[in-house]
Amino acid sequence: MSLKLRINGEDRTVVSDPETPLLYVLRDELKLKGSKLGCGLEQCGACAVLVDGKVEMSCVSPVATFEGRDIVTVEGLAATETGQRVQAAFVEANAAQCGYCTAGLVVAVSSLLSENETPDRAAAKAALDPHLCRCGAHPRVLRAVEIASGQA
Ligand code: FES
Ligand code: FES
């Protein structure tokens, strides 16, 4: 089935089973490999993307449910001022170890800063809560939030 998606500001047409989770279409059909498959159960955050400006997991919901919505992946964030600032802050804070969770966290932090330019520690923790990091990088991610928001 042919589906029209708006991804990173571009209209894309994909041919896919409409029940395929969005993440597989992003990675396998559109070759946008930034979003990762972790749990596949909407419980770890590795697959997070922005949908109409809000963080959503992409590993379960069928691709057909995303037609007509504005999807931004971590690749698309790299073209935005906020995304660049967040990525630079992650580098400065050394906020990635294996990096598997990092794309989802960059998406979450970028979304947070879009809504709240100077989040306090509690707001940052709340935004990061759905994102698991097996390497224990969360303290450094919180430091990255402080750097990206000019509070370091
Ligand atoms: S892979 Fe989607 S939340 Fe874990
Ligand atoms: S840096 Fe390895 S899972 Fe987060």
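The legends below describe an overview and several close-up views of a predicted model.

**Figure 1. Overall architecture of the protein chain in the predicted model.** The protein chain has six helices and five strands, and from the N terminus on these elements follow the order β-β-α-β-β-β-α-α-α-α-α. Measured against the rule for a compact globule, which for 152 residues would give a radius of gyration near 15 Å, the protein chain agrees, because its own value is 15 Å. Along the principal axes, the C-alpha atoms of the protein chain fill a box of roughly 50 × 30 × 20 Å. Of the 152 residues, 41% count as buried. Among the contacts that join residues at least 6 apart in sequence, 60% are between residues at least 24 apart.

**Figure 2. Helix 1 and its packing against strand 2.** Helix 1 spans residues 22-29, and its buried residues are Leu22, Leu23, Val25 and Leu26. In an α-helix there are 3.6 residues a turn, so residues three or four places apart point the same way. The buried residues of helix 1 pack against strand 2, the strand that comprises residues 10-15. Just after helix 1, Lys31 takes a positive phi of about 60 degrees.

**Figure 3. Asn8 and Gly76, in contact with each other.** Asn8 lies in the loop between strand 1 (2-7) and strand 2 (10-15), and its phi is near 55 degrees, a positive value in a residue other than glycine. Asn8 is classed as buried because 20 other C-beta atoms lie within 10 Å. Gly76, which belongs to helix 2 (residues 74-77), likewise counts as buried, with 20 C-beta neighbours inside 10 Å. When residues up to four places away in sequence are left aside, Gly76 touches Asn8 and Gly9. Leu50 is 26 residues from Gly76 along the chain, and the C-alpha atoms of these two residues are separated by 9.7 Å.

**Figure 4. The packing of helix 3 against helix 4.** The two helices pack at an angle of about 125 degrees, with their axes 9 Å apart, and helix 3 and helix 4 are therefore oblique to each other. Helix 3 passes helix 4 in a right-handed crossing. On the side of helix 3 the contact is made by Thr82, Gly83, Val86, Gln87 and Phe90, and on the side of helix 4 by Thr102, Val106, Val109, Ser110, Leu113 and Ser114. Sorted by class, the residues of this contact comprise five nonpolar and six polar residues, with no charged residues.

**Figure 5. The packing of helix 3 against helix 6.** Helix 3 (residues 81-93) and helix 6 (residues 138-148) pack at an angle of about 130 degrees, and their axes are 8 Å apart; the two helices are therefore oblique to each other. The crossing of helix 3 and helix 6 is right-handed. Helix 3 contributes Arg85, Val86, Ala89, Phe90, Glu92 and Ala93 to the contact, and helix 6 contributes Arg140, Arg143, Ala144, Ile147 and Ala148. The residues of this contact divide into seven nonpolar, no polar and four charged. Val86 and Phe90 of helix 3 take part here and also in the contact with helix 4.

**Figure 6. Asn94, in the loop between helix 3 and helix 4.** Asn94 lies in the loop that joins helix 3 to helix 4, the latter formed by residues 102-115. The phi of Asn94 is near 55 degrees, a positive value in a residue other than glycine. Asn94 is exposed, because 11 other C-beta atoms lie within 10 Å.

**Figure 7. The surroundings of Cys133, in the loop between helix 5 and helix 6.** Cys133 lies in the loop between helix 5 (121-128) and helix 6, and with 23 C-beta neighbours inside 10 Å it counts as buried. Leaving out residues up to four places away in sequence, Cys133 touches Cys101 and His138, and His138 falls at the start of helix 6, which comprises residues 138-148. Tyr100 is 33 residues from Cys133 in sequence, and the two are 8.0 Å apart in space, C-alpha to C-alpha.

Terms used
Residues are numbered from 1 along each chain as its sequence is written. Chains are lettered from A and ligands numbered from 1 in the order in which they are written. This is a predicted model: local features need pLDDT of at least 70, side-chain atom pairs count only at pLDDT 80 or more; totals for chains, interfaces and linings use all residues. Axes are lines fitted to C-alpha atoms, for helices over the stretch in contact, and angles run from 0 to 180 degrees between N-to-C directions. Helices (H or I, at least four residues) and strands (E, at least two) are DSSP runs, numbered from the N terminus. Angles under 35 degrees count as roughly parallel, over 145 as roughly antiparallel, 65 to 115 as roughly perpendicular and the rest as oblique. A crossing is left-handed if the near helix is turned anticlockwise from the far one by less than a right angle, and right-handed if clockwise. Two residues are in contact if their C-beta atoms, placed from the backbone, lie within 7 Å. Ala, Val, Leu, Ile, Met, Phe, Trp, Tyr, Cys and Pro count as nonpolar, Asp, Glu, Lys and Arg as charged, and the others, Gly among them, as polar. The radius of gyration is taken over C-alpha atoms; the globule rule is 2.2 Å times the number of residues to the power 0.38. A residue is buried if 20 or more other C-beta atoms lie within 10 Å of its own, exposed if 12 or fewer, and partly exposed in between; C-beta atoms are placed from the backbone.
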